[in-house]
Amino acid sequence: MMISLNTVARIAKLVALLGFFLPWVLVSCSGNEIAHGSGFDMMTGHLQPNPQLVQNDQSATADKTSPEIFTILAFALIVVGLLGSFALRARAASALMVATAVLAIAASFYSFEHMHEALIHAANRSAGRANHGEADAFAPQVGSAVAGVIRIEKQDGFWVTVGALAAAACLALVALALPAPTPPPIQPRMD
């Protein structure tokens, strides 16, 4: 018995889901780690701060970051594609797996861009608060400078997820491209 391409694509989607529980993101400033987390941490808004920063600053608390909506979207798309592939016929399942895999890859990449924009916005707000609520014409530049020093790096779990999604999309696309199997002809019975 041969395993179908859709079955292998489903396995790849399961690997992509497991990638969310591996390290996804590393936030650093001038080469010093600020925080890190898995895809699941990004979805829940619980990035782990660098323990050395928390130890050095007794007043520092582990601020809860906001959940990353595009990471949640990527996870949901993978789950919908996986579950939907079991409910649909072979060709429709393949089409659904291709569409959800491609959209999940896009959402995964955009989640990092969205996180970077949120950092710039937070830096601008902080620059405005530093002036005790006074309007400062230089706040956007200060925020951009701070955000420019902060790096958001994709980690192994992210690449496992994206790679598995790309594999799932390619496998499902090949399954779509193959001609549908034709049933064997019915032989008339000779009585």
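**Exercise 1. The surface patch**

Which residues form a nonpolar patch on the surface, and how much accessible area do they have together?

*Solution.* This is a predicted model: local features need pLDDT of at least 70, side-chain atom pairs count only at pLDDT 80 or more, and totals for chains, interfaces and linings use all residues. Residues are numbered from 1 along each chain as its sequence is written, and side-chain values use heavy atoms, with hydrogens and water left out.

Step 1. Fix the term. A patch takes residues with over 30% relative accessible area and no salt bridge; like charges are joined within 9 Å, and nonpolar side chains (Val, Leu, Ile, Met, Phe, Trp, Tyr) within 5 Å. A salt bridge is a side-chain nitrogen of Lys or Arg within 4 Å of a carboxyl oxygen of Asp or Glu.

Step 2. Name the members. They are Ile11, Val15, Leu22 and Val160. Together they have about 290 Å² of accessible area (Shrake-Rupley method, 1.4 Å probe; for residues, only the protein chains shown count as cover).

Step 3. Look at one member. Val15 is found in helix α1. Its relative accessible area is 36%, so Val15 is partly exposed. The scale: buried is under 20% relative accessible area, exposed is over 50%, and partly exposed is in between (1.4 Å probe, protein chains only).

**Exercise 2. The chain as a whole**

Find how many helices and strands the chain has, and their order.

*Solution.* Step 1. Count the elements. The chain has seven helices and four strands. Both are DSSP runs, numbered from the N terminus: helices are H or I with at least four residues, strands are E with at least two.

Step 2. Read along the sequence. The pattern is α-β-β-α-β-α-α-α-α-β-α.

Step 3. Add the totals. Of the 191 residues in the chain, 33% are buried. The chain exposes about 11700 Å², with 67% of it supplied by carbon and sulfur atoms.

Step 4. Check the contacts (heavy atoms within 4.5 Å). Take those between residues at least 6 apart in sequence: 68% join residues at least 24 apart.

**Exercise 3. The nonpolar cores**

State which helix gives the most to the largest nonpolar core.

*Solution.* Step 1. Define the core. It is a set of buried Ala, Val, Leu, Ile, Met, Phe, Trp, Tyr and Cys residues joined through side-chain atoms within 4.5 Å.

Step 2. Size it. The largest one has 27 residues. Val25, Met42, Ile78, Phe112 and Leu165 have the most contacts inside it.

Step 3. List the suppliers. At least two residues each come from α1 (5-19), β1 (23-29), α2 (39-44), α4, α5 (90-130), β4 (150-154) and α7. The answer is α5, which gives six residues.

Step 4. Note the other core. A second, separate one has six residues, including Ala12, Met97, Ala168 and Ala172.

Step 5. Zoom in on Val25. Beyond residues up to four places away in sequence, Val25 touches residues including Met42, Leu47, Phe112 and Ile152.

**Exercise 4. Helix α4 and a buried threonine**

Compare the reach of α4 with its expected span, then place Thr161.

*Solution.* Step 1. Take α4 (residues 69-87). Its 19 residues reach 27 Å from first C-alpha to last, close to the 27 Å expected. The expected span is 1.5 Å times one less than the number of residues.

Step 2. List its buried residues. They are Thr71, Ala74, Leu77, Ile78, Gly81, Leu82, Gly84 and Ser85. An α-helix has 3.6 residues a turn, so residues three or four places apart point the same way.

Step 3. Move to Thr161, in helix α7 (residues 156-177). Thr161 has a relative accessible area of 0% and is buried. Leaving aside neighbours within four places in sequence, its contacts are Ala16, Gly19, Phe20, Trp24 and Ile78.

**Exercise 5. Strand β4 and the salt bridge**

Identify the salt bridge, then describe Lys154.

*Solution.* Step 1. The structure holds one salt bridge. Arg151 and Glu153 form it through their side chains (3.5 Å, N to O).

Step 2. Check exposure. Arg151 is exposed, because its relative accessibility is 51%. Glu153, at 26%, is partly exposed.

Step 3. Turn to Lys154, in strand β4. At 29% relative accessibility, Lys154 is partly exposed. Leaving out residues up to four places away in sequence, Lys154 touches Trp24, Phe109, Phe112 and Trp159.

Step 4. Compare sequence and space. Lys154 and Leu26 are 128 residues apart along the chain, yet their C-alpha atoms are separated by 6.7 Å.
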